[in-house]
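I opened this notebook to record what I looked up in the structure. The entries follow the order of my reading.

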Amino acid sequence: MYSEEQMSYFSSNLLDWYRTHKRDLPWRRSKNPYYIWISEVMLQQTRVDTVIPYFHRFVEQFPTVEALALAPEEDVLKAWEGLGYYSRARNLQSAVREVHERYGGVVPQEKAEISSLKGVGPYTSGAILSIAYNKPEPAVDGNVMRVLSRYFLIEEDIMKPATRVRMEKLAKQLIMEGTASEFNQALMELGAMVCTPRSPHCLTCPVMAHCSAREAGMEESLPIKKKAKPPRPELRAVALIEGTGEHEGKWLIRQRPQEGLLAKMWELPHVEWPSSEWPEDPVETMNSLRGLIAEQEQMTISPAAWFMDTEHVFSHIVWNMKVFRARLGDGGRLRDGGDWVPFHYRWVGSDELSQYAFPNVFIRIMKAWQERSHG
DNA sequence: AACTCGGGGGT
DNA sequence: ACCCCAGAGTT
């Protein structure tokens, strides 16, 4: 396929480069497969600098497989708060519980076994097996596909599963005997530090001499990647509900359903706006908000004033949000009778908020609220 | 193959 | 205003 010369040059030069240039990252200070596993899950779709503080806190709070297996799920979700893709945290704990119970707490070394764990896909299984156990398995992520597509000038769409499979075969062939752990990390390190998405630093690249894209002047136009669809807009009206009487000084929050977007996270009550744009008159918006909350939440509120606008961008949705301060109607009581209520509600004071895991957008709103009410 | 699932940093 | 990121699960 590719010349032996081009391949062996790549492997040996990349390895030499990595040994002298690798960053000192927290998860590189041990080969504990449990720590490697945590880091790899956190690093899915997330940058190194973002992950570092979360990794430190997480391994301190859950230092062993057993500690994580026995922890309450809500504690794990709280430790993940702000990192995003929260199913990663729930899948990780579920998988760690399986390792605890079925494998006696030892992360399995067989590809089939480790791949069967929740949240452990082709990349993560290869990364753990190679980095922690030095097994010659490929670990192909976005960095690796970018590097390989350039060095070997591969013009296939990296969004296609077939392209990743091809890259895995190639990446495996490139692993020299006994070097899997270092080589796979070297590939990713090159992608992160040198062979970057835009304006790659070819002049400092250890394998530039035989890089096919560089020779062809195509390093900036690879890899080929089909454009993602833009996120669909959603309007959402948020009720910032302040308690009265026995709930004075508290806010009303609710927990999201077990599955789906932001599963099991806590949030401020809000409704999707049934139209593609906001009314011009905020009074009309507040009246409609009261009606929607009454329909959907079986709860009467009195919206009092516009508080702020904000935006929250997901990969596939963008929430365009209007936040209103409000009080609870019906004498300030939650309806707790036989009516169907879709969410689990709770009154909490500002000192209790830290016990609950919130998506960042609601943390931003609540911070703005605190700053404005008692500066 | 297409969609779901967060959030932030780089340019 | 985009782009991308140490991806995996579901349909």
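**Entry 1: the second largest pocket**

I began with the position of the second largest pocket: domain 1 (4-216) and domain 2 (232-374) both contribute residues to its lining, so the pocket lies between them. I note here that the model is a predicted one. For the volume of this pocket I read about 530 Å³. I then turned to its lining, which consists of 22 residues. Those nearest the centre of the pocket are G84, Y85, Y86, L262 and F314. Two elements, α6 (87-102) and β5 (301-313), give two or more residues to this lining. The most comes from α6, with 3 residues. Sorted by class, the lining of the second largest pocket holds 9 nonpolar, 11 polar and 2 charged residues.

**Entry 2: DNA strand B**

Next I looked up DNA strand B and found 23 residues around it. The closest are Y86, L262, H312, S315 and N360. Two of these names, Y86 and L262, I had already entered among the residues nearest the centre of the second largest pocket. Of the atoms of DNA strand B within 4 Å of the protein, 62% are accounted for by sugar and phosphate.

I asked myself which side chain has an N or O atom 2.9 Å from a base nitrogen of DNA strand B. It is the side chain of R47. For phosphate oxygens of this strand I recorded two side chains. An N or O atom of the Y86 side chain lies 2.5 Å from one such oxygen, and for the K229 side chain the distance is 3.4 Å. By class, the surface near DNA strand B comprises 9 nonpolar, 9 polar and 5 charged residues.

**Entry 3: DNA strand C**

I repeated the search for DNA strand C, which is surrounded by 27 residues. Q45, G119, D141, N143 and R146 are the closest. Sugar or phosphate supplies 68% of the atoms of DNA strand C within 4 Å of the protein, and bases supply the rest.

I then listed contacts with phosphate oxygens of this strand. A backbone N or O atom of G119 is 2.5 Å from one, and a backbone N or O atom of G121 is 3.1 Å from one. For K225 the atom concerned is an N or O of the side chain, at 3.4 Å from a phosphate oxygen. The elements giving two or more residues to the surface near DNA strand C are α8 (122-133) and α9 (142-151). I counted the classes on this surface as 10 nonpolar, 7 polar and 10 charged.

**Entry 4: the largest cavity**

How many cavities of 30 Å³ or more are there? I found 1. About 110 Å³ of space lies in the largest cavity. Its lining has 14 residues, and C195, C202, C205, V207 and C211 are the closest to its centre. The largest share of this lining, 3 residues, is given by α9, an element already entered for the surface near DNA strand C. The lining of the largest cavity has 11 nonpolar, no polar and 3 charged residues.

**Entry 5: an open sheet**

Last, I traced an open sheet of 3 strands, with antiparallel pairing and the order β3-β2-β7. Each of β3 (266-267) and β7 (344-349) has a single partner strand and stands at an edge, so one side of each is left without a neighbour in the sheet. Strand β2 (residues 250-255) runs antiparallel to β7 and is joined to it by 6 bridges. As one bridge to look up, I noted that R254 has Y345 in β7 as its partner.

Key. Residues numbered from 1 in each chain as written. Chains lettered and ligands numbered in written order. Predicted model: local features only at pLDDT ≥ 70, side-chain atom pairs only at ≥ 80, totals over all residues. Heavy atoms only, no water. 1 Å grid on protein atoms, 1.4 Å probe; cavity = no way out; pocket = protein on both sides within 12 Å on 5 of 7 lines; lining within 4 Å. Points joined across faces, edges and corners; volume = space filled by probe spheres on them. Helix = DSSP H or I, 4+ residues; strand = E, 2+ residues; numbered from the N terminus. Nonpolar A, V, L, I, M, F, W, Y, C, P; charged D, E, K, R; others polar. Domains from an automatic or database assignment. Near = heavy atom within 4 Å. Polar contact = N/O pair within 3.5 Å; in protein donor to acceptor, adjacent residues only side chain to side chain. Pairing = 2+ DSSP bridges.
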